[in-house]
Amino acid sequence: MDSSVENNVKTVRRSKEEKKVLRKQLKASHTLLKHEGISTAAQPTKSLVVANGGLGNGVSREGLSAALKEMGEVESLVMPPHKPYAFVTYRSEESARNAHVHLNGQMLQCGENSVTLYFSYVESVTHEEETSVPLPEGLALVEDFVSPEEEAVLLSAIDWSSTNDDITAQKALKHRRVKHYGFEFRYDNNNVDKDKPLPAGLPDECLPVLERCVSNGHISMMPDQLTVNQYESGQGIPPHVDTHSAFEDTILSLSLGAKTVMDFRHPDGRVVAVVLPGRSLLLMKGESRYLWTHGITPRKFDMVPACDPPSPAGSRPDLGTQSGLTLSKRGTRTSFTFRKIRHEPCRCAFPSACDSQGAPSTPSLSLPPSPPTLPCCRADAARLEEEYVHRVYDAIASHFSSTRHSPWPRVCHFLTSLPPRSVLADVGCGNGKYLGVNPDVIAVGCDRSSALIQICAERGFHTFVSDALSVPLRTASCDACISIAVVHHFSTQERRLAAVRELVRLLKPGGRALIYVWAFEQEYNKQKSKYLKENNKEHHGNHIPSKNTSEDSQEPHGKSSIQISSHLEDSCRPHDSMTDVSRVTDGKLSVHTNRTAFNTQDLLVPWHLKEGKKRGDEESGDSGKKDKRKEKPKKTSNNCCSVSSLSPKADPSPGFEPSGSRLDTSDAAHIPDSKPSPSGNTAQTSSSTVKSELESGPAPVFHRYYHVFQQGELEQLCAQVNGVKVQSSYHDQGNWCVILQKDGL
């Protein structure tokens with residue numbers, strides 16, 4: 001080929017590639033405006049928005065900053081928490097032009113992941129004012145409490161080579177390795193056997209550290225019990241409160257090795273994330289020890305401040321408002337938790353959470369010691385749902401997710417019927433099993449459980465933490481919404497109605513919503529639901545009935561018992577024709593026997609937590625089928641990033657596609673919902689309260705609140721919402737379902 005012709009061909013190819021990048025850049029700008037309200041500028045400025053360059057995409061500050069600095073002097077880099085974009089301001093407009101020309105469409109390599117960056121000019125950069133949050137009362141963190149040399153001595157004192165050491169009660173748990181010294185902490189009853197000390201006391205290597213704790217006034221008595229936990233990257237521990245009757249007030253936790261983030265949660269919903277650096281000592285006293293739960297979310301990266309920002313004494317940076325965050329890859333972390341065995345009943349000031357004063361210390365295998373009552377006001381409802389819904393799903397998230405892998409056929413039919421590029425919101429998305437059903441729609445999800453949202457994030461879905469009563473999305477921004485197995489968790493008619501109204505608010509005129517709730521009628525048209533059929537099979541085969549059963553277990557396969565009514569009047573029965581089963585004895589909620597017919601509408605449903613081998617396949621009725629759409633978690637080996645040219649075959653970034661198919665629309669991704677703070681001494685620690693992992697002994701049982709719907713009740717609920725009509729309703733394997741359509745303009 002003639003050289004001039006060859007050069008012309010290359011020029012044409014280069015031109016097409018440039019046009020492709022420009023087209024995707026414009027789409028990214030459109031998506032930013034539509035979903036985030038970020039307006040881009042046509043003329044060059046010193047500031048740019050970097051689509052796909054956010055923490056929400058797994059991009060670290062260090063990696064992005066290195067690429068940006070190659071174009072000129074950077075004045076500021078703002079990376080909002082959980083967002084798939086960032087803002088950069090250069091010292092000069094010329095440097096900004098260089099970045100716009102040379103980095104647009106370039107690929108940023110972050111370990112095993114890669115993202116494609118798209119740059120657009122913006123007039124100015126604004127972000128939330130960075131704030132600090134007070135630490136829980138009685139909580140203190142002492143950084144650099146031990147030296148690197150002491151750290152090495154302590155780590156070498158722990159011999160992990162044995163796999164079942166009776167001397168130190170070593171256990172290989174599902175999420176970590178553990179050793180006990182002095183006394184064994186038993187996970188089957190969340191307590192210690194005070195009459196059976198272990199042969200080995202605390203290691204001698206710990207004595208200098210503990211003597212320093214006494215001399216510094218951190219403790220007044222020498223601990224006699226030590227639990228050593230070792231966490232690998234991606235491991236954690238569920239939120240829990242150390243048993244009151246087992247240990248005295250002050251608890252010490254020494255972090256060795258890699259840093260991590262520990263979340264403290266108050267019963268009223270407040271959350272404080274505390275970064276625990278290596279070689280730091282955490283002290284829990286008083287309220288922080290007795291009332292707040294503490295736990296570590298299992299993940300491989302944490303969002304942490306890029307530098308140590310100044311904070312008032314007794315407070316920590318609010319990781320939900322910080323813009324100076326980066327990603328910290330977790331490594332192996334070993335914690336030494338020192339406690340003093342208690343020999344007298346606890347008389348703390350928190351009786352609602354104290355097992356010595358009546359609150360349960362272990363999950364009940366049948367009934368909670370003091371079953372809750374139906375709420376009589378909004379505050380009561382919020383407390384009930386916090387205790388018997390929110391905390392439970394955070395505790396069982398991993399096991400729950402393992403049983404939720406096959407999308408339901410009728411829900412899939414609704415999702416695949418949506419036109420390409422439709423905006424879909426899955427309110428109460430759980431582990432995100434419906435977010436990948438239709439790859440041609442722009443799907444976002446939200447859930448009240450931060451633990452389930454973390455699972456969604458690891459699968460590459462765009463999700464955020466939110467209460468279903470207040471979703472931080474713009475009004476009339478969605479073409480479709482789904483609410484699968486959510487509304488029945490609200491404990492009053494008022495709150496269930498509010499949940500439906502919130503779905504309708506999100507819909508554009510003409511948009512549709514699909515709602516599934518658990519049905520009181522598990523036998524319909526002479527057909528038993530799969531939920532009841534599984535019980536018959538198990539009893540016929542002399543098997544123990546499955547224990548993790550709920551509306552989510554009733555996954556239809558093959559032929560279903562769907563009965564569709566296309567008119568509201570056909571399916572909406574008047575209240576006086578319904579059987580009155582809503583009353584509960586003495587106002588107390590009863591515990592439902594799984595795999596049996598319901599005899600009341602408001603009840604508690606047990607969830608038996610399984611450890612070790614996952615039992616989801618046999619318990620969910622999925623016959624071992626795995627969801628082929630399920631995305632594998634993205635792996636990132638380190639924080640090192642580099643920029644390379646965009647190849648013609650390179651796909652847009654997995655985190656922020658120019659089409660907007662993956663966009664985190666959260667304005668408050670990890671901010672607790674604004675539910676009323678609980679008051680009084682309502683039980684805050686019960687059979688449903690989040691516990692330490694019980695990996696051995698009987699499986700712990702958590703109880704979830706449900707309101708199961710009678711025939712016609714869901715349609716009547718929806719009929720109270722203005723501007724929407726019931727398009728169709730049906731019964732699907734023990735669930736009542738409606739499709740709503742919002743009135744057009």
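Student: Before I look at how strands 32 and 33 are joined, what makes two strands count as a pair?

Tutor: Two strands pair if DSSP finds at least two bridges between them. In general, the strands of a sheet pair through backbone hydrogen bonds, either parallel or antiparallel. In this predicted model, strand 32 and strand 33 (residues 602-608) pair in the parallel sense over two bridges, and Val591 stands opposite Leu604 of strand 33.

Student: What is the strand order of the open sheet of three strands, and which strands are at its edges?

Tutor: The order is 32-33-35, with mixed pairing. Strand 32 (590-591) and strand 35 (701-707) are the edge strands, each of them pairing on one side only. Helix 7 packs on this sheet, where it touches strand 33 and strand 35, and its direction makes about 125 degrees with that of strand 35.

Student: How should I read the packing of helix 7 against helix 9?

Tutor: Two packed helices are described by the angle between their axes and the distance between the axes. For helix 7 (residues 378-402) and helix 9 (residues 450-458), the angle is about 35 degrees and the axes are 7 Å apart. Helix 7 contributes Tyr393, Asp394, Ala397, Ser398, Phe400 and Ser401 to the contact, while helix 9 contributes Ser450, Ala451, Leu452 and Ile455. By character, the residues of this contact divide into six nonpolar, three polar and one charged.

Student: Let us return to sheets. Which strands form the open sheet of four, and why is one side of strand 14 left without a neighbour there?

Tutor: The four strands follow the order 14-19-16-17, and their pairing is antiparallel. Strand 14 and strand 17 (271-276) stand at the edges with a single partner strand each, so one side of each has no neighbour in the sheet. Neighbouring strands are turned against each other by 20 degrees on average, direction ignored. Strand 14 is joined by two bridges to strand 19 (residues 293-296), the two running antiparallel, and the bridge partner of His240 in strand 19 is His294.

Student: What follows strand 14, and is His244 buried or exposed?

Tutor: His244 has its place in the loop between strand 14 (237-240) and strand 15 (251-257). Residues count as buried under 20% relative accessible area; His244, with a relative accessible area of 1%, is therefore buried. Leaving aside its neighbours within four places in sequence, His244 is in contact with Arg289, Tyr290, Arg342, Cys346, Cys348, Phe350, Ala353, Cys354 and Asp355. Although His244 and Asn191 are 53 residues apart in sequence, their C-alpha atoms are 9.1 Å apart in space.

Student: Where does Ser335 lie, and what is it in contact with?

Tutor: Ser335 lies in strand 23 and, at 3% relative accessibility, counts as buried. Beyond the neighbours within four places in sequence, the contacts of Ser335 are with Thr227, Val228, Asn229, Tyr231, Ser253 and Leu254.

Student: How do I tell which face of helix 5 is the buried one?

Tutor: The approach is to look down the helix axis and ask where the buried residues fall. In helix 5 (residues 207-215), Val209, Leu210 and Cys213 are buried. Seen down the axis, the buried residues fall within an arc of 95 degrees, so they line one face of the helix. The elements covering them include helix 4 (148-156), strand 15, strand 18 (280-284) and strand 23 (333-339). Just after helix 5, Gly217 takes a positive phi of about 85 degrees.

Student: Which residues have the most contacts inside the largest nonpolar core, and which helix gives the largest share?

Tutor: That core has 37 residues, and Leu473, Cys481, Ile515, Leu714, Cys718 and Leu740 have the most contacts inside it. Among the elements giving two or more residues are strand 27 (478-484), helix 10 (493-506), strand 28 (507-518) and helix 14 (713-719). Helix 10 gives the largest share, six residues. Leaving aside its neighbours within four places in sequence, Leu714 is in contact with Ile515, Val517, Phe709, Trp736, Cys737 and Val738. A second, separate core of 28 residues includes Phe400, Ala451, Tyr531 and Tyr706.

Student: What are the totals for the chain?

Tutor: The secondary structure comes to 14 helices and 37 strands, and 58% of the 745 residues count as buried. Of the contacts with a separation of 6 or more, 77% are between residues 24 or more positions apart.

Definitions and conventions. Residues numbered from 1 in each chain as written. Predicted model: local features only at pLDDT ≥ 70, side-chain atom pairs only at ≥ 80, totals over all residues. Heavy atoms only, no water. Core = buried A, V, L, I, M, F, W, Y, C linked by side-chain atoms within 4.5 Å. Buried < 20%, exposed > 50% of the residue type's maximum accessible area, 1.4 Å probe, protein only. Contact = heavy atoms within 4.5 Å. Axes fitted to C-alpha atoms, helices over the stretch in contact; angles between N-to-C directions. Arc of directions from axis to C-beta. Nonpolar A, V, L, I, M, F, W, Y, C, P; charged D, E, K, R; others polar.
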